Amino acid sequence: MNVIDQIRKVRLEKGIAQEAVAEYLQISQSAYSRLECQDTINVDQLLRIATFLNVKPGELFLELNVDRSKKDQLDSFSPDYHSNVILFERILAEKELYMGLLVKRLKELEDKIERKDKKIKSLKEKLILNNIK
């Protein structure tokens, strides 16, 4: 079972139609259907779908590395399960850090544009005053 299989399973268990998820993601139902047929999903899509399904993103990884012969035992996860969860948590943390840096850089650029606009306005006013005299 991969992450997308787990998403489909949770969606069906909750009785949620593909159309509802597609509408939330602002994509067509056919686009969402294709997403559920893929082998991979990007982190942003995963986070948005987990939010819509009201599950923690990590819950979508719970059954990925379960020892099939001991599926009923909660402690039967393979060692890869824990490394996958740690990797996923690291990816999320890095994403948050990167988003924070982007927001900070965006604010810096907006401030720079505002200063430029004020300078242009000031220069235009000076030009108008000099042309009048």
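## A first look at this predicted model

Aspartate 117 and lysine 116 form a salt bridge whose closest N and O atoms are 2.8 Å apart. Welcome to the structure, which is a predicted model. A search of the whole structure turns up nine salt bridges, and one aromatic pair is present too. The tour below goes from charged pairs to the core, then to helix H2, the rings and two loop residues.

**Salt bridges**

- Aspartate 117 counts as partly exposed, at 38% relative accessibility, and its partner lysine 116 is also partly exposed, with a relative accessible area of 42%.
- Elsewhere, Asp5, Arg8, Arg11 and Glu36 are joined into one network by salt bridges that share partners.
- Glutamate 36 bridges to arginine 8, with the closest N and O atoms 3.4 Å apart. This pair links distant parts of the chain, as glutamate 36 sits in helix H3 and arginine 8 in helix H1, 28 residues apart.
- Glutamate 36 has a relative accessible area of 3%, and because buried means under 20%, it is buried. Arginine 8, at 24%, is partly exposed.
- In helix H5, lysine 118 and glutamate 114 lie four residues apart, about one turn of the helix. They form a salt bridge with closest N and O atoms 3.5 Å apart.
- Lysine 118 is exposed, with a relative accessible area of 56%, while glutamate 114 is partly exposed at 43%.

**The nonpolar core**

- The largest nonpolar core has 18 residues, and those with the most contacts inside it are Ile7, Tyr32, Leu46, Ile49, Leu53 and Leu60.
- Helices H1, H2, H3 and H4 are the elements that give two or more residues to this core. H4 gives the most, with five residues.
- Leaving aside residues up to four places away in sequence, leucine 53 touches Ile7, Val10, Arg11, Lys14 and Ile16.

**Helix H2 and its buried face**

- Gln18, Val21, Ala22 and Leu25 are the buried residues of H2. Seen down the helix axis, they fall within an arc of 100°, so they line one face of H2.
- These buried residues pack against helix H1 (3-13), H3 and H4.
- Glutamine 18 belongs to helix H2 and is buried, with a relative accessible area of 16%.
- The side chains of glutamine 18 and glutamine 29 are joined by a polar contact of 2.5 Å.
- Not counting residues up to four places away in sequence, glutamine 18 touches Arg11, Gln29, Tyr32, Ser33 and Glu36.

**The aromatic pair**

- The structure holds one aromatic pair. Its rings, from tyrosine 24 and phenylalanine 52, have centres 4.9 Å apart and planes at 35°, so the pair is tilted.
- Tyrosine 24 is in helix H2 and phenylalanine 52 in helix H4, so the pair links distant parts of the chain, 28 residues apart.
- Both rings belong to partly exposed residues: tyrosine 24 at 33% relative accessibility and phenylalanine 52 at 26%.

**Two residues with positive phi**

- Most residues other than glycine have a negative phi.
- Just after H2, glutamine 26 takes a positive phi of about 60°, although it is not a glycine. Its place is in the loop between helix H2 (18-25) and helix H3 (29-37), and at 72% relative accessibility it counts as exposed.
- Asparagine 54 also has a positive phi of about 60° without being a glycine. It is found in the loop between helix H4 (43-53) and helix H5 (79-132), and it is exposed, with a relative accessible area of 65%.

Note on methods: Residues numbered from 1 in each chain as written. Predicted model: local features only at pLDDT ≥ 70, side-chain atom pairs only at ≥ 80, totals over all residues. Heavy atoms only, no water. Buried < 20%, exposed > 50% of the residue type's maximum accessible area, 1.4 Å probe, protein only. Phe/Tyr/Trp six-rings, centres within 6.5 Å; stacked < 30°, edge-to-face > 60°. Polar contact = N/O pair within 3.5 Å; in protein donor to acceptor, adjacent residues only side chain to side chain. Contact = heavy atoms within 4.5 Å. Arc of directions from axis to C-beta. Core = buried A, V, L, I, M, F, W, Y, C linked by side-chain atoms within 4.5 Å. Salt bridge = Lys/Arg side-chain N within 4 Å of Asp/Glu carboxyl O.
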